[in-house]
Amino acid sequence: MIAIEKANRLKQLPPYLFAELDRKKAEVEARGIDVIDLGVGDPDQPTPQNIIDKLTEAAQNPGHHRYPSYSGLNDFREAVSRWYKKRAGVDLDPLKEVVSLIGSKEGIAHIPLAFINPGDVVLVPSPAYPVYKISTLFAGGTPYEMPLLKENDFLPDLDAIRGDMLAKAKMMFLNYPNNPTAGLATEDFFKRVVAFADKHNILICHDFAYSEMAFDGYNPPSFLETPGAMEVGMEFHSLSKTYNMTGWRIGFAAGNGEIISGLGQIKSNIDSGIFEAIQVAGIEAMREDAAWLDKMQSLYAERRDVLMVGLQKMGIQARSPKATFYVWAEVPKGYDSSGFAGHLLENAGIVSTPGNGFGDPGEGYFRMALTVSKERIQEAVDRMAEVGF
Ligand SMILES: *Cc1c(COP(=O)(O)O)cnc(C)c1O
């Protein structure tokens, strides 16, 4: 038996805070309790039939059975470029300013490898999708956390970034509409980000995963439509959340050509692109059936309203989200995040995500995902009211 020792890269990872919750969930389920899972942000609805039909048809074509191109089918990248023009009024050169991704997580995980050297600082929001910080660590960079606080509408305070860190900062991750806080970026905020990036020479990577998951007529701005954004940054995008395609693994990056080419260079040395039939199905998805999107948005809005009414009745503080399918709520007095999530699971059979799992400033919050039916959400609300806290 040889000595198998994991690399420092893995040893430095923060402890997996959800492991304890996963274990508890299995334990509660084993007791025969019907668990309501509001933990993961994975759409419960199926992928639209026209997209599935396209995949089936394209899979029959032997032309699609060989290695795909590294950066994506030209037709796919042209579809992305058309989508940006229509959605955000942004002109993109499909061959130089767009690259396909095996889901946006893949691109987020790889981009620091293209631009970060050991010692470079990456500005990451906190609480946040964990991959920004971990991909920074994997590249040998130093993550510097920008707290997202309620008093700042869950936007980072750029003036509060420590000077010594700012001097070493080379990249910044942002994500709006935001997971987990449901915070929104204003056009004015994006303008300040562009000016900040320009002044301090920082590359901006904006994660736009929830661009279409918005309600009440709200239309989230793309970072790329901000004047000057194409000179300083790029945007990650995904078909996962918008078209109920999380299992398909398809997304893309768009923006500044040099940034896109750096990411593409890393990718061409690691993966070999996306199965072309899936890209053909992705083109079909991006043709954007407005009626279908409307239906999805109303479905989430209805669920949100059921949950918000219930939480309000119980005296739990939360802002009604205008985008994303998450409710970011404050834990009631007498609990911390883990304690409250544990209480809900143990006594009400409800899985939620403790806010501190997304970073220290998330302490004092819990996140609920609107990815079960409104009847199940009502049931969760009723159970919470019954067990009390
Ligand atoms: C879901 C999610 C992703 C990953 O999406 P994929 O395209 O499926 O990899 C990226 N960022 C955020 C904030 C997410 O919530």
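Trainee: Is Phe340 buried or exposed?

Mentor: Buried means under 20% relative accessible area, exposed over 50%, and partly exposed in between, with a 1.4 Å probe and protein chains only. Phe340 has 0% relative accessibility, so it counts as buried. Tyr335, at 28%, is partly exposed. Keep in mind that this is a predicted model: local features need pLDDT of at least 70, side-chain atom pairs count only at pLDDT 80 or more, and totals for chains, interfaces and linings use all residues. Residues are numbered from 1 along each chain as its sequence is written, and side-chain values use heavy atoms, with hydrogens and water left out.

Trainee: Which aromatic pair do Tyr335 and Phe340 form?

Mentor: Rings of Phe, Tyr and Trp (its six-membered ring) pair if their centres lie within 6.5 Å; planes under 30 degrees apart are stacked, over 60 edge-to-face, and the rest tilted. The structure holds 19 such pairs. Tyr335 and Phe340 are edge-to-face, at 5.2 Å centre to centre and 70 degrees between the planes. Phe340 also pairs with Phe389: the centres are 5.7 Å apart and the planes at 85 degrees, so this pair is edge-to-face.

Trainee: And the ligand: which polar contacts should I look at?

Mentor: A polar contact is a pair of N or O atoms within 3.5 Å; within protein, one must be able to donate a hydrogen and the other to accept it, and residues adjacent in sequence count only if both atoms are side-chain atoms. Here, ligand oxygen atoms lie 2.7 Å from a side-chain N or O atom of Tyr210, 2.8 Å from one in the side chain of Arg249, and 2.9 Å from a backbone N or O atom of Lys105.
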